[in-house]
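Reader: I have a model open on my screen and would like to talk through its side-chain contacts. Could you walk me through them?

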Amino acid sequence: MHVGFDDGSFGSFDLIWLATGGEMDLSLVPLFHQMLHQRPIPVVGGLPALQPDLSWDHGCPLHVMGAFAQLELGADALNLAGCRAGSVRIAKALRPLLRRGRAEGGDAGAVDEMGGAT
């Protein structure tokens, strides 16, 4: 999937996962349940304590938006304003990785499992 950023640059990604609805308990979502076991982070009322850039943990390439980003984005996490605010935070976090990939002569959108450009 090709994604365009506000500065005119583009990136290619293998997966963008969007989900809506459900109960606000991180442990009930299989992907997040597995992440909690592999890379534990604090959970408050069923919500993950994400990094300011909405990443799961420092150095982890998983970014979370929507209802599970409420601790960082507030009540807006559930609406279009929150979606925009979240996407801006994530884009700012990804942009340096994309630039580094371009500078190294690689595919500008290729990112390895640990968030580094390939």
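Author: Let me start with a term that we will need: a residue is called buried when its relative accessible area is under 20%, exposed when that area is over 50%, and partly exposed in between. Please keep in mind that this is a predicted model.

Reader: Fine. Are Phe32 and Phe68 buried or exposed?

Author: Both Phe32 and Phe68 are buried, and the two rings form an edge-to-face aromatic pair, with 5.3 Å from centre to centre and 75 degrees between the planes. This pair links distant parts of the chain, since Phe32 sits in helix 1 and Phe68 in the loop between strand 4 and helix 2, 36 residues apart.

Reader: How many aromatic pairs turn up in the whole structure?

Author: A search of the whole structure finds two aromatic pairs. Besides the one just described, Phe32 and Trp56 form a stacked pair, with 5.8 Å between the centres and 10 degrees between the planes. Here too the pair links distant parts of the chain, with Phe32 in helix 1 and Trp56 in the loop between strand 4 and helix 2, 24 residues apart. Phe32 and Trp56 are both buried, and Phe32, Trp56 and Phe68 form one aromatic cluster.

Reader: And which residues touch the most other members of the largest nonpolar core?

Author: That core has 23 residues, and the ones that touch the most other members are Leu26, Phe32, Leu50, Leu54, Trp56, Val64 and Phe68. Helix 1 and helix 3 each supply at least two residues of the core, and helix 3 gives the most, with five residues.

Reader: What does Val64 touch, leaving out residues up to four places away in sequence?

Author: With those left out, Val64 touches Phe32, Leu50, Leu54, Trp56, Ala69 and Ile90. Of these, Ile90 is among the buried residues of helix 3.

Reader: Let's stay with helix 3, then. What is its span, and where is the kink?

Author: Helix 3 has 24 residues and reaches 34 Å from its first C-alpha to its last, which is close to the 34 Å expected at 1.5 Å a residue. A kink of about 30 degrees lies at Leu94, shortly before the proline Pro96.

Reader: Which residues of helix 3 are buried?

Author: The buried residues of helix 3 are Gly82, Gly86, Ile90, Ala91, Leu94, Arg95, Leu97, Leu98 and Gly101. What covers them includes helix 2.

Reader: There is an arginine in that list. Why does Arg95 count as buried?

Author: Arg95 has a relative accessibility of 15%, and the cut-off for buried is under 20%, so the residue counts as buried. Arg95 also forms a salt bridge with Asp7, in which the closest N and O atoms are 3.3 Å apart. Because Asp7 lies in the loop between strand 1 and strand 2 and Arg95 in helix 3, the pair ties together parts that are 88 residues apart in sequence. Asp7 itself counts as partly exposed, at 40% relative accessibility.

Reader: Which other arginine forms a salt bridge with Asp7?

Author: Asp7 also forms a salt bridge with Arg99, and there the closest N and O atoms are 3.4 Å apart. Since Arg99 likewise lies in helix 3, with Asp7 in the loop between strand 1 and strand 2, this pair ties together parts that are 92 residues apart in sequence. Arg99 is partly exposed, with a relative accessible area of 47%.

Reader: How many salt bridges are there in the whole structure?

Author: A search of the whole structure finds four salt bridges. One of them joins the side chains of Asp57 and Arg39, at 3.7 Å from N to O. Asp57 lies in the loop between strand 4 and helix 2 and Arg39 in the loop between helix 1 and strand 3, so this pair ties together parts that are 18 residues apart in sequence. Asp57 counts as partly exposed at 23% relative accessibility, and Arg39 counts as partly exposed at 22%. Salt bridges that share partners join Asp7, Arg95 and Arg99 into one network.

Reader: One last residue: where is Ile41 found, and what is it in contact with?

Author: Ile41 is found in the loop between helix 1 and strand 3, and it is buried, with a relative accessible area of 12%. Leaving aside its neighbours within four places in sequence, Ile41 is in contact with Leu36, Pro48, Ala49, Trp56 and Asp57. The C-alpha atoms of Ile41 and Trp56 are separated by 7.7 Å, and the two residues are 15 residues apart along the chain.

Methods. Residues numbered from 1 in each chain as written. Predicted model: local features only at pLDDT ≥ 70, side-chain atom pairs only at ≥ 80, totals over all residues. Heavy atoms only, no water. Helix = DSSP H or I, 4+ residues; strand = E, 2+ residues; numbered from the N terminus. Buried < 20%, exposed > 50% of the residue type's maximum accessible area, 1.4 Å probe, protein only. Phe/Tyr/Trp six-rings, centres within 6.5 Å; stacked < 30°, edge-to-face > 60°. Contact = heavy atoms within 4.5 Å. Core = buried A, V, L, I, M, F, W, Y, C linked by side-chain atoms within 4.5 Å. Expected span 1.5 Å × (residues − 1). Bend = angle between axes of the 7 residues up to and from the residue.
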